[in-house]
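User: I should like to go through the reasoning behind several assignments in this structure. Please set each value against its criterion.

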Amino acid sequence: MKHTSRRTEHYQQNIITAEEVLKIAIGMGVSLLLLVLIIGYPLYFQDGYTRIATVKFTFLKISLAVGDALLGGAAIIYAVSVRIRTGSEWRELSSTDGFLLFYLAINLISIWRSDLWSEGFWGSEGWYVGFGMQLLLIILYFLISRFLDEDLKIHEIITVVATIVFFWGLLNRFSIRPIPMKFSSPEFISSMGNINWLAGYYAVVFPIILGMYLHSQTRRSRILSGIASTITLAFGLVEGSDSCYVAMCAVLLFFLWMDRKEEEILLRWMELILMLCASAQVMRLIDLMFPEALNMKSAVTELLLGNLTLAAGLPVLIVWILWNGAKQPVQGMRKTSKPAKQVWKTPQISEKKRGQIADITAKGLCLLAGCAVVCYVALSVINTLQGGSLIPGSLFYFDGSWGSGRGNAWTIAGSMFLLMSPLQKLIGVGPDLFAAFLERQESLQALKEAAFGPARLTNAHNEFFTLLITTGILGMGAWIGALYGSISRCCKKAKTNPVCGIYAACIIGYVSNNFFSFQQIENLPYLFLLLGLAEYELRKRS
């Protein structure tokens, strides 16, 4: 019996060792896959911008299919082995896990019931966010959230690569093209192509760069992340997509709200605003010196490169100087035998008082931003009811042309939902089958042709309206639940783990951009990547 016990114990020890080796191997594989997605994918192209969406999709599909198959299979073996050895129950799923699995199930049911499953599997040509891509990305999420290798400097890698992409785009925006790209134009820049797609990538990764600066621990990291933040903010001002401005505002306000009680971080937030305003004025000067260089300039861009950022930057600079002065009074030494005497007296404010002032100021700014949005909507509604007579221009007038045609797209989406059957309203018409379903609705063709001509309308230019059509109420609800759940849990844990606050900012950047945009293969992979990183941090035991 003793001999048998020793053999059993020896066997169990070997199993444990094998599990550890397997877990390490999976972690290394996940790290390799992450490096491919973070470094290779955004910088990959073949023949300039020729069919760049399809080129990137092929790269992404092969990378994920191979990586998910190998690593997913190994992860299942590891999980089964642990269960057999320990006899313990599976660790409970988080709310984000549950919502994503339910979202995947709705996608599966929706495409199974559709007669366009061949198109819906990978998605519409050029967009490719069908069931197959959703499946691969959800597997990626689970791999990252369970097997991430903490030794991988993932934030630093994302910062370096994204800064390269943004600096490349900044040069392109000022008509400097260091790398000749076929079919280059003001609408196609950097390594990502279309500015709306690039804005999607920008919205989901730029909070990491700003977060690196806000929470940098050393002088060297602060300088390097400061340079990256300046480039990032400067590019956001001239990127060209208006949804990019929405994401920038939402993320900056979120950081202000989250860090309003951390004095040192609040000062760095002011420095970010100063970087934004200073870069705007530098680009304003360049535009004055070289009028033809800036090759895309909207009304919002002209506003931001004008006196607005100058007027906003000066008071922030004054507050920053006074705040630092109140923190660290300047002392002077006189050449006498008497004790040192303060030459320039700086008003002293206690740390507690400064914290209260910061809290009230941050809340006031966030409230002001909220009031501005409410006032805009109210003015636009009143102006629309008055036929546009109060305020000229389309910005304050809700019609089909509002938001570069988003008014028409949203109207069409609403009409499509009304034409759907009760079951379709619940589960949708099929993942990424918005355009295919629209083409079958003869009653909407005249409206679509009048608004968009012969172009294929593949989405509603609002992710949630699009999901309402493609995955129905249940699918859209599950997706919102996954995003909200992750943001909420990250915000709670950010008090003890600041990186969770950065991940929440990334998701907020994605949501705020995609409220006026869409899922596509240049932003959706990074959202799932960051959801996985956030879940990994949230699953850490205290």
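User: What makes the contact between R539 and D97 a salt bridge?

Analyst: The model is a predicted one. In it, the closest N and O atoms of R539 and D97 are 3.5 Å apart. The criterion asks for a side-chain nitrogen of Lys or Arg within 4 Å of a carboxyl oxygen of Asp or Glu, so the pair qualifies.

User: Which parts of the chain does this pair link?

Analyst: R539 belongs to helix α21 and D97 to helix α3, and the two residues are 442 residues apart. Both also take part in a network of salt bridges with R146, R489 and E535.

User: Why is R539 called buried?

Analyst: Its relative accessible area is 14%, and buried means under 20%; R539 is therefore buried. D97, at 0%, meets the criterion as well.

User: How do you know whether D287 and K297 form a salt bridge, and why is K297 called partly exposed?

Analyst: Their closest N and O atoms are 2.7 Å apart, and the limit is 4 Å, so D287 and K297 form a salt bridge. K297 has a relative accessible area of 35%, which falls between the 20% and 50% cut-offs, so K297 is partly exposed.

User: What makes helix α7 largely enclosed?

Analyst: Of the 20 residues of α7, 18 are buried, so the rest of the structure largely encloses this helix. At the N-terminal end of α7, N194 acts as a cap, with a side-chain oxygen 2.7 Å from the backbone nitrogen of N196.

Technical notes:
Residues are numbered from 1 along each chain as its sequence is written. This is a predicted model: local features need pLDDT of at least 70, side-chain atom pairs count only at pLDDT 80 or more; totals for chains, interfaces and linings use all residues. Side-chain values use heavy atoms; hydrogens and water are left out. Buried means under 20% relative accessible area, exposed over 50%, partly exposed in between (1.4 Å probe, protein chains only). Helices (H or I, at least four residues) and strands (E, at least two) are DSSP runs, numbered from the N terminus. A polar contact is a pair of N or O atoms within 3.5 Å; within protein, one must be able to donate a hydrogen and the other to accept it, and residues adjacent in sequence count only if both atoms are side-chain atoms.
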